[in-house]
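Me: I am new to this structure. Please take one part of it and look at it closely, then show me how the rest fits around that part.

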Amino acid sequence: MSLWGNDIKPKNLTDAEKKEVFANTKGWVREAGSILSGNGNTSADPEVLVAISNLSANMGAANITEIEFITTAFDKSDGGNIDVRVRFNEPVTVTGTPRVSITNGNQGSGTGRGPHLANYLSGSTTNELVFRITIAAANAATNASDVLVIGANATALNGGTIKDTGEGTVATITNSAGIGTAAGSITVAA
């Protein structure tokens, strides 16, 4: 078995810890500001866990390691933002407005709603990008009991770019069905 386990990150880390770990030119590092590093300063240098010179360059283009909903509940009558976090195995730089597609299963009354397109919001030059869609209160885009999910190949460049920050090569933005399913779901409330 590989020293790094199945997903190449250090295998001694829990799944929760792996969310905060990415590759850079110094090796495997933990995000700045992590509770696990004991440093709440998000502007600090990432903590080096395993030193491997030029790790991010040797890995090739960045790729998606996880997609998750930041928003955990949505109420149709209130409206609001639905935010999604896309994690890469190394820092990426964004230009334009890439998107994440959120599928609406139309479980509520009626049909024809979705997909919802969450546009890039923030995170360029880090390994975590945030995407957002704002849905107005009582909007016909969702109905009570609709279930929102993220499926395979949900991330699209939409005329923009997502590039490996260290190398400038275009990142691999195709996500597997497993990554999309791991994002969970949001059931719309009335």
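Reply: Start with strand β5, residues 74-75. In this predicted model, β5 and β13 run parallel and are joined by 2 bridges. Within that pairing, D75 stands opposite A189 of β13.

β13 has another partner. Strand β10, residues 147-149, runs antiparallel to β13. Here 3 bridges make the link. One residue pair to look for is V149 of β10 with its bridge partner S185 in β13.

Now follow the side chains along β13. Which of them are buried? I186 and V188 are, and they point to one face. S185, T187 and A189 point to the other face and are not buried. This fits a general pattern: in a regular strand, side chains alternate between the two faces of the sheet.

β13 also leads to the largest nonpolar core. That core has 29 residues. β13 is one of the elements that give two or more residues to the core. The others are β4 (64-69), β6 (80-95), β7 (99-104), β8 (116-122) and β9 (126-135). Which element gives the largest share? β6 does, with 6 residues. Inside the core, the residues with the most contacts are I82, V84, F88, I102 and I150. In soluble globular proteins, nonpolar side chains tend to be buried together.

I82 deserves a stop. Leave aside its neighbours within four places in sequence. I82 is then in contact with I186 of β13, among others. Its contacts also include F69, T71, F74, I102 and L148. F131, R132, I133 and I135 are on the list too.

Another core lies apart from this one. It has 5 residues, among them L13, V21, W28 and L55.

V21 takes us to an open sheet. 3 strands form it, in the order β1-β2-β3, and the pairing is antiparallel. β1 (21-24) and β3 (47-51) stand at the edges. Each has a single partner strand, so one side of each is left without a neighbour in the sheet. On average, neighbouring strands here are turned by 35 degrees against each other, direction ignored. β1 and β2 (residues 27-30) pair over 4 bridges. In β2, R30 is the bridge partner of V21.

Next, find S56 in helix α2, residues 55-58. Is S56 buried or exposed? Its relative accessible area is 6%, and buried means under 20%, so S56 counts as buried. Not counting residues up to four places away in sequence, S56 touches A23, N24, T25, E90, D164 and E167. F22 is 34 residues from S56 along the chain, yet their C-alpha atoms are separated by 8.7 Å.

Finally, step back to the whole chain. It holds 3 helices and 13 strands. Its radius of gyration is 18 Å, close to the 16 Å that the globule rule gives for 190 residues, so the chain is as compact as a globular protein of that length. The C-alpha trace spans about 55 × 35 × 35 Å along its principal axes. Buried residues make up 40% of the 190. Take the contacts with a separation of 6 or more: residues 24 or more positions apart account for 65% of them. The accessible surface comes to about 9,000 Å², and 51% of it belongs to carbon and sulfur atoms.

Definitions and conventions:
Residues numbered from 1 in each chain as written. Predicted model: local features only at pLDDT ≥ 70, side-chain atom pairs only at ≥ 80, totals over all residues. Heavy atoms only, no water. Pairing = 2+ DSSP bridges. Axes fitted to C-alpha atoms, helices over the stretch in contact; angles between N-to-C directions. Rg over C-alpha atoms; globule rule 2.2 N^0.38 Å. Buried < 20%, exposed > 50% of the residue type's maximum accessible area, 1.4 Å probe, protein only. Contact = heavy atoms within 4.5 Å. Areas by Shrake-Rupley, 256 points an atom, 1.4 Å probe, with all protein chains shown as cover. Core = buried A, V, L, I, M, F, W, Y, C linked by side-chain atoms within 4.5 Å.
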